[in-house]
Amino acid sequence: MPVTLLGAAEIRALAADLDVTPTKKLGQNFVVDANTVRRIVHVAEVAATDRVVEVGPGLGSLTLAILETGAAVTAVEIDHRLAERLPATAASHGVAEGALTVVDADALRVTALPGDPNVLVANLPYNVSVPVLLHFMETFPGLERGVVMVQAEVGERLAAPPGSKVYGAPSVKAAWYGPWRLAGTVSRQVFWPVPNVDSVLVGFRRDPEPRGDEALRRATFQVVDAAFQQRRKMLRQALAPVLGGSSSTASAVLEAAGVDPTARGEQLTIADFVAIARTLR
């Protein structure tokens, strides 16, 4: 029996049956268009051999599109009602027993996942998208690649190159794990309820080898946070608190790392930040 997808009418019926009113707090804008969920899965290059983790499956529209490929899915859902209903929805749409595992939990608190997933696919709300992504990249090194749907503002920041207007701490922290790219726009009309913001797809692929160990990651992120705490400040001033306490000491450390002390955080690559962080060890 082939896996079938949810239609707009069934999604609304499911929400009514569960007494679920989409809330801004949980970012519950449900995708009601089959072409869109299939497109996300296609962009993520999901294959039958993949083990996918989906964060925030909601009523299951994207979940079923992933399962349609034959891939195994672990879905992490914070809303207890949705987590409880999802297996029944999957079964009624032709999903084989054992293909879907539901974890009823807050994604930000998850530290272990069944199935050892290698791909991340998700539709993430604005308020937790960056923290969830960084938490999963840090906690699950087996995640090789993925595609997430996020608000355009978040996606553009995650994929921003050094020197661009929206380049910031999230851009650098994401780049620690590998390259991120904008992978397409998403119409507001595919959501219920229709949001008042644009959405984009963002894809990532983890670097084959990590940039460093956990201690270096923490040191790098500390430098990143200091550099962007006050935007457009010269590094010798912005990083003084973490590089010896004074501008002169910070300048010496930056020069030793091969970084111009008068540069600003917005101009530095992830490699520059790592070079600075290595001086803290």
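**Aromatic pairs and nonpolar cores**

Arg 217 lies over the face of Phe 221, with 4.8 Å between the charge and the ring centre. The model in which this arrangement appears is a predicted one, and Phe 221 offers a convenient way into it. With a relative accessible area of 10%, Phe 221 is buried.

Phe 221 also takes part in ring pairing, and the structure as a whole holds five aromatic pairs. In one of them, the ring centres of Trp 176 and Phe 221 are 6.3 Å apart and the planes stand at 80°, so this pair is classed as edge-to-face. Because Trp 176 sits in the loop between α7 (169–175) and β7 (180–186) while Phe 221 belongs to helix α8, the pair ties together parts that are 45 residues apart in sequence. Trp 176 is buried as well, at 5% relative accessibility.

A further pair is formed by Phe 228 and Phe 273, whose ring centres are 6.0 Å apart and whose planes meet at 35°; this angle falls between the limits of under 30 degrees for stacked and over 60 for edge-to-face, so the pair is tilted. Phe 228 lies in helix α8 and Phe 273 in helix α11 (residues 270–278), so this pair, too, ties together parts that are 45 residues apart in sequence. Phe 228 counts as buried at 10% relative accessibility, and Phe 273 does so at 0%. Ring pairs join Tyr 167 to Phe 228 and Phe 273 in a cluster.

What does Phe 273 touch beyond its sequence neighbours? Leaving aside residues up to four places away in sequence, its contacts include Tyr 167, Val 172, Thr 220, Val 223, Val 224, Ala 227, Phe 228 and Leu 268. Phe 273 is also among the residues with the most contacts inside the largest nonpolar core, which has 57 residues, and it shares that standing with Leu 120, Phe 136, Leu 239 and Ile 276. Helix α8 (residues 214–229) gives the most to this core, contributing eight residues. A second core of 41 residues is separate from it and includes Val 43, Ala 90, Val 121 and Met 149.

Helix α5 can be read in terms of burial. Eight of its eleven residues are buried, so α5 is largely enclosed by the rest of the structure; among these buried residues are Val 132, Leu 133, His 135 and Phe 136. His 135, which lies in this helix (residues 129–139), has a relative accessible area of 16%, and because the cut-off for buried is under 20%, His 135 counts as buried. Apart from residues up to four places away in sequence, His 135 touches Ala 107, Leu 108, Arg 109 and Val 110.

Note on methods:
Residues are numbered from 1 along each chain as its sequence is written. This is a predicted model: local features need pLDDT of at least 70, side-chain atom pairs count only at pLDDT 80 or more; totals for chains, interfaces and linings use all residues. Side-chain values use heavy atoms; hydrogens and water are left out. A nonpolar core is a set of buried Ala, Val, Leu, Ile, Met, Phe, Trp, Tyr and Cys residues joined through side-chain atoms within 4.5 Å. Buried means under 20% relative accessible area, exposed over 50%, partly exposed in between (1.4 Å probe, protein chains only). Helices (H or I, at least four residues) and strands (E, at least two) are DSSP runs, numbered from the N terminus. Contact means heavy atoms within 4.5 Å. Rings of Phe, Tyr and Trp (its six-membered ring) pair if their centres lie within 6.5 Å; planes under 30 degrees apart count as stacked, over 60 as edge-to-face and the rest as tilted. A charge sits over a ring if NZ of Lys or CZ of Arg is within 6 Å of the ring centre and within 35 degrees of the ring normal.
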